[in-house]
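User: Please take a close look at one part of this model and explain how its pieces are arranged. I would like one connected account that I can follow with the structure open.

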Amino acid sequence: MKRRGVVGRALRQMGEDLWLQGVAISTLAVALAIMGAYLALCLNLNQAAGRLLTGPTLLVVTDPQVRPEEGRVLAAELARLPGVASAAYVDQQEAMIRFRRQLGPQADLLDDLETNPLPNAVELVLTPDLAAPPELAAYIKNMAGVSDVVTGRPWLQRLERALRAGGELAVALGILLFLAVVLVTSNTVRLAVHVRRRELELMALVGAGGGYMRGPFLVEAVLQGLAAAALASLLLWGLFVLLAAPDALPWGLRLGQILAFPPLLPGALGGLAVVSGLMGGFLGVGRSLHPREVL
Amino acid sequence: MILLEEVSKVYPHREEPALKGVSLQVAPGEFVYLTGPSGAGKTTLLRLLYGAELPSKGRVVVGGTDLGRLAPRHLPLLRRRLGLVFQDFRLMPRRSVFENVALSLEVAGTDRRIVERRVEEVLEQVKLSRLAKSPADTLSGGEQQRVALARALAPGPDLILADEPTGNLDPENALAMMRLLVGDYVGGATVLVATHDPTLLSLVRGGRVVHLERGRLEEAS
């Protein structure tokens, strides 16, 4: 005769009620898909923001009479300054090409310009630990061949602050969503406990301990969670493929980049499903397996 | 084996107490009939003995353990020393006879080979070996009650509590069941059989009879 361990008992009790499994897995899959969509959106937005915000920068505008070769020499000189991570000379033609790329479908707006208004410049990326950028800017401004130093882009700084606040809000919302998934899991486990109430009471009467009775429900919750995570990942992948149109957005961003399916998402959802399965399992079984509460 | 001292049990929303000042002492190995009409408090008394209820007053001691002081987490350890038989059999209907009997050993973490050997042994005793693989719900009432008894006997309990074990059986099966309970199979365990049917006492003679009437205990013989 065959005896089973906790996983075997969990699989058997799952097999005995396939309808219940269907309800539990589909409910969890919806909850995890919402969580996954949220995670994917946060990850993609974070990456998009990373492309926009490349850290502290300075734009050194060169005098109009400075030739490209001299501009490159200046860039090399600037790159050696303390606090400067890198320096690159960008002439006005290259700057215009970039600007057109960033404007995307709206680039034809630039066709009406008679002359290129963009200056030749050296783009500096500063090290994040630089203590006093204004002093560095003042020093550079006095260097030969430098016409102006654009020290900051206030709208980007505001965007950075807004993104930081948004990030904190996103974490709080993520925690709430995770708690909702735990709640859904605990309710499905509670339903499973209710369906098998008579059997559990019988086990309690013959001396089964909490672990013996609880074990299969925890394993069941985890297995259901993993199945639901796979289903949710598949659902989200399909949805992202459908929604990620090739249309370009302002600043050179593409919808396909914002709505890209993160490759780590199935793993993250699986991990969440395991943790929420264990937490929800404990909460769902809870007091309903109290040894005194028998028929 | 069993000691009840001035035990009373009052249920909320019920005027009359289920048990009133019940005192009883049962020695190890003793066979006791607990008789009385329906509603006399027999089931309540048994529930107190296997820890499904706590007394409102008094002390319940089983095998030296004061159940009033026993932490719920230790209750399973006590129940593994008991064998419980109910009128409605309380089997897992879709599981095989073997699985039903093995349950009382598995919950205690008994080794697989010992479980197999012991289950075969008790199924032989209750004459159900040939049905070991049959699902419990395909058996007759008499057979199901014998499975329940086998489950109770499998761990070799110190105390067997049977609540109306013949209530759902015809006279022939009732007699067979009682013979099993008073036979050598119980291995010297203390047996307490609750019944409202006085004819049961004449079926199998021997053993002490205690009578419950409206929650009060009277020693009959």
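Analyst: An angle here is taken between N-to-C directions and runs from 0 to 180 degrees, each axis being a line fitted to C-alpha atoms. The model is predicted.

With that in hand, start with a helix. Helix α4 of chain A, residues 92-103, lies across β2 and β3 of chain A. The direction of α4(A) makes about 100 degrees with that of β2(A).

Those two strands belong to an open sheet of four strands in chain A, with antiparallel pairing. Read across the sheet, the order is β2-β3-β1-β4. Why do β2(A) and β4(A) each have one side without a neighbour in the sheet? Strands β2 (84-90) and β4 (146-150) of chain A stand at the edges, so each has a single partner strand and one side left free of a sheet neighbour. From one strand to the next, the twist averages 20 degrees.

Now follow one edge inward. β4(A) pairs with β1(A), residues 57-62, in the antiparallel sense, over four bridges. One residue to find on screen is Val61(A), whose bridge partner in β4(A) is Asp148(A).

A second helix packs on this sheet: α3 of chain A, residues 68-79. Helix α3(A) touches β1, β2, β3 (121-126) and β4 of chain A. Its direction makes about 175 degrees with that of β2(A). For α4(A), the angle to β2(A) is about 100 degrees.

Elsewhere in chain A there is a nonpolar patch on the surface, formed by Val6(A), Val7(A), Leu11(A), Leu223(A) and Leu226(A). Together these residues have about 380 Å² of accessible area. Helices α1 (6-16) and α8 (210-243) of chain A each supply at least two residues of the patch. The largest share, three residues, comes from α1(A). Val7(A) sits in α1(A), and at 45% relative accessibility Val7(A) counts as partly exposed. The limits are under 20% for buried and over 50% for exposed, so a value in between earns that label.

For comparison with the sheet above, look at chain B. An open sheet of four strands with antiparallel pairing is found there as well, in the order β2-β1-β4-β5. Its edge strands are β2 (19-26) and β5 (65-66) of chain B, each with a single partner strand. Two bridges join β5(B) to β4(B), residues 57-62, and Val62(B) stands opposite Thr65(B) in β5(B). Helix α1 of chain B, residues 42-49, packs on this sheet and touches β1 (2-9), β2 and β4 of chain B, at about 120 degrees to β1(B).

Notes: Residues are numbered from 1 along each chain as its sequence is written. Chains are lettered from A and ligands numbered from 1 in the order in which they are written. This is a predicted model: local features need pLDDT of at least 70, side-chain atom pairs count only at pLDDT 80 or more; totals for chains, interfaces and linings use all residues. Side-chain values use heavy atoms; hydrogens and water are left out. Two strands pair if DSSP finds at least two bridges between them. Contact means heavy atoms within 4.5 Å. Patches are made of residues with over 30% relative accessible area and no salt bridge: like charges are joined within 9 Å, nonpolar side chains (Val, Leu, Ile, Met, Phe, Trp, Tyr) within 5 Å. Accessible areas come from the Shrake-Rupley method with a 1.4 Å probe; for residues, only the protein chains shown count as cover. A salt bridge is a side-chain nitrogen of Lys or Arg within 4 Å of a carboxyl oxygen of Asp or Glu. Buried means under 20% relative accessible area, exposed over 50%, partly exposed in between (1.4 Å probe, protein chains only).
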